[in-house]
Amino acid sequence: MKVTVVSRGGREATVTDLQEAIHKQTKKFYPSRQRLTLPIPPGSKDRPIVLHSKKSLKEYSDGNSGNLTVVFKDLGPQVSYRTLFFCEYLGPLLLYPVFYFFPDVYCFFGYSVSSVTHHPVQTYALYYWCFHYFKRIMETFFIHRFSHATSPISNVFRNCAYYWTFGSYIAYYVNHPLYTPVSDCQMKIGFGFGMLCQVSNLYCHIILRNLRGPDGNGWYQIPRGFLFNIVTCANYTTEIYQWLGFNIATQTIAGYVFLVVATSIMSNWALIKHRRLRKLFDGKEGRPKYPRRWVILPPFF
Ligand SMILES: NC(=O)c1ccc[n+]([C@@H]2O[C@H](COP(=O)([O-])OP(=O)(O)OC[C@H]3O[C@@H](n4cnc5c(N)ncnc54)[C@H](OP(=O)(O)O)[C@@H]3O)[C@@H](O)[C@H]2O)c1
């Protein structure tokens with residue numbers, strides 16, 4: 001497909017202009033659905049260079065001719081990151097209270113429920129859980145500054161399946177009529193420690209927010225201060241420990257299974273983020289060397 005981009009008012013044409021020109025030509029390919037790369041020479045094993053929307057087209061065309069060949073990939077239907085996060089967090093926020101407030105649901109699983117008196121640990125677990133997911137929705141809308149505007153729509157189904165299923169699985173066991181509570185002391189230690197980690201997690205997200213400008217500009221920076229001076233992904237560290245606090249207080253197999261799965265997912269992401277920051281900063285002219293830090297959980301890795 002041949003696309004002509006005309007620069008206006010002496011301003012250099014940018015990748016965004018090209019994306020808009022493609023969109024004009026084929027309506028369904030709105031800009032966030034497009035991935036534009038430079039063609040790789042035959043036989044080369046290099047990764048293709050992805051065109052950055054804010055850069056001028058001249059930067060990719062060696063500046064010598066008005067012609068630029070790019071490879072177009074359709075990323076498929078997209079949703080905004082805010083919509084994606086909102087959908088995945090709304091499920092656990094709404095489903096968990098169903099098991100607490102409507103014990104009749106256990107009748108479907110073969111338990112006869114006449115009258116249910118909740119133990120304080122179950123009530124505090126409800127508050128803790130709802131606070132956690134409410135906080136995450138608020139962070140999504142008012143704190144995070146995402147670098148990518150959108151995500152493929154298929155991620156909504158995958159992520160909702162993960163959060164909604166685990167949310168229901170844990171809620172089922174913690175609110176179960178045959179639930180055996182832990183001691184009062186263990187409950188206080190668990191929830192106390194967990195709440196401390198939740199507040200620390202919020203603080204970590206505020207630190208990450210301040211690394212970028214209001215419009216999400218600034219790409220990736222080295223996070224500094226608080227627990228970021230010890231680990232690269234202090235936000236994941238505090239997230240993992242807050243789930244540990246919840247599990248110390250509620251003590252269910254379902255909760256610990258979620259902890260193990262979430263820890264393995266976040267450890268994997270933390271490793272990728274740690275490597276990316278090292279690649280971006282180590283040995284790059286004029287940039288500070290990436291400081292030696294643990295990735296996520298000292299002293300494990
Ligand atoms: N329970 C679970 O299974 C689970 C799993 C994952 C996450 N979480 C929770 O959800 C939170 C959000 O997770 P996430 O993985 O989507 O995002 P994240 O990595 O925690 O980052 C949060 C925001 O900060 C930005 N950011 C991260 N590192 C940055 C850096 N070095 N420089 C500039 N900006 C940076 C991110 O930008 P980008 O848009 O560029 O990424 C994103 O907008 C986590 O912190 C955690 O509390 C829970």
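Is K188 buried or exposed? Select K188 to find out. K188 is found in helix α5. With a relative accessible area of 54%, K188 is exposed. Keep in mind that you are looking at a predicted model.

**Stop 1: from K188 to F109**

Now add F109 to the selection. In sequence, K188 and F109 are 79 residues apart. In space, their C-alpha atoms are 31 Å apart.

**Stop 2: the start of the chain**

Go to M1. M1 lies in the segment before α1. The relative accessible area of M1 is 66%, so M1 is exposed. Which residues does M1 touch, leaving aside those up to four places away in sequence? Show I22, Q25 and T26: M1 touches these three.

Next, draw a line from M1 to P103. The two are 102 residues apart in sequence. From C-alpha to C-alpha, the line spans 60 Å.

Move on to T4. T4 is also found in the segment before α1. T4 has 60% relative accessibility and therefore counts as exposed. Now pick D17 as well. T4 and D17 are 13 residues apart in sequence, and their C-alpha atoms are 9.8 Å apart in space.

**Stop 3: helix α1**

D17 brings you to α1, so select residues 15–25. Which residues of α1 are buried? They are V15, D17, L18, Q19, A21 and I22. Color them, then look at what covers them. The cover includes strand β1 (34–37) and strand β2 (71–74).

**Stop 4: helix α2**

Select residues 81–101 for α2. This helix has 21 residues. From its first C-alpha to its last, α2 reaches 31 Å, close to the 30 Å expected at 1.5 Å a residue.

Now color the buried residues of α2. Start with L84, F85, E88 and Y89, which are among them. Add G91, P92, L93 and Y96, also among the buried residues. Finish with P97, F99 and Y100. What covers these residues? Look for β3 (78–80), α3, β4 (150–152), α4 and α6, which are included in the cover of α2.

**Stop 5: two loop residues with positive phi**

Here is some background for this stop. Most residues other than glycine have a negative phi. The next two selections go the other way.

Select F226, in the loop between α5 (184–209) and α6. F226 is not a glycine, yet its phi is positive, at about 50 degrees. Its relative accessible area is 38%, so F226 is partly exposed.

Then select Q251, in the loop between α6 and α7. Phi of Q251 is near 50 degrees, again a positive value in a residue other than glycine. Q251 has 46% relative accessibility and so counts as partly exposed.

**Stop 6: helix α7**

From Q251, step on to α7, residues 253–281. This helix has 29 residues. It reaches 41 Å from its first C-alpha to its last, close to the 42 Å expected at 1.5 Å a residue.

Where does UniProt place the feature "transmembrane region"? The record, an unreviewed entry, puts it at residues 253–272. Select that span. It is 100% helix and 0% strand, and its end C-alpha atoms lie 29 Å apart.

Now color the buried residues of α7. Among them are A254, G255, F258, L259, A262 and T263. Further along, M266, S267, A270, H274, L277 and F281 are buried too. Here is a pattern to bear in mind as you turn the view: in an α-helix, residues three or four places apart point the same way. Show α3 (120–142), α4 (154–174) and α6 (234–250), which are included in what covers the buried residues of α7.

Just after the helix, pick G283. G283 takes a positive phi of about 70 degrees.

**Stop 7: where α4 meets α7**

Finally, show α4 and α7 together. How far apart are their axes? The axes are 8 Å apart, and the helices pack at an angle of about 155 degrees. An angle over 145 degrees counts as roughly antiparallel, so α4 and α7 are roughly antiparallel to each other.

Show the side chains at this contact. From α4, select Y162, F166, Y169, I170 and Y173. From α7, select A254, G255, V257, F258, V261, A262 and I265. By class, the contact has 11 nonpolar residues, one polar residue and no charged ones.

Technical notes: Residues numbered from 1 in each chain as written. Predicted model: local features only at pLDDT ≥ 70, side-chain atom pairs only at ≥ 80, totals over all residues. Heavy atoms only, no water. UniProt positions renumbered as here; feature names shortened; annotations may be inferred. Helix = DSSP H or I, 4+ residues; strand = E, 2+ residues; numbered from the N terminus. Expected span 1.5 Å × (residues − 1). Buried < 20%, exposed > 50% of the residue type's maximum accessible area, 1.4 Å probe, protein only. Contact = heavy atoms within 4.5 Å. Axes fitted to C-alpha atoms, helices over the stretch in contact; angles between N-to-C directions. Parallel < 35°, antiparallel > 145°, perpendicular 65-115°, else oblique. Nonpolar A, V, L, I, M, F, W, Y, C, P; charged D, E, K, R; others polar.
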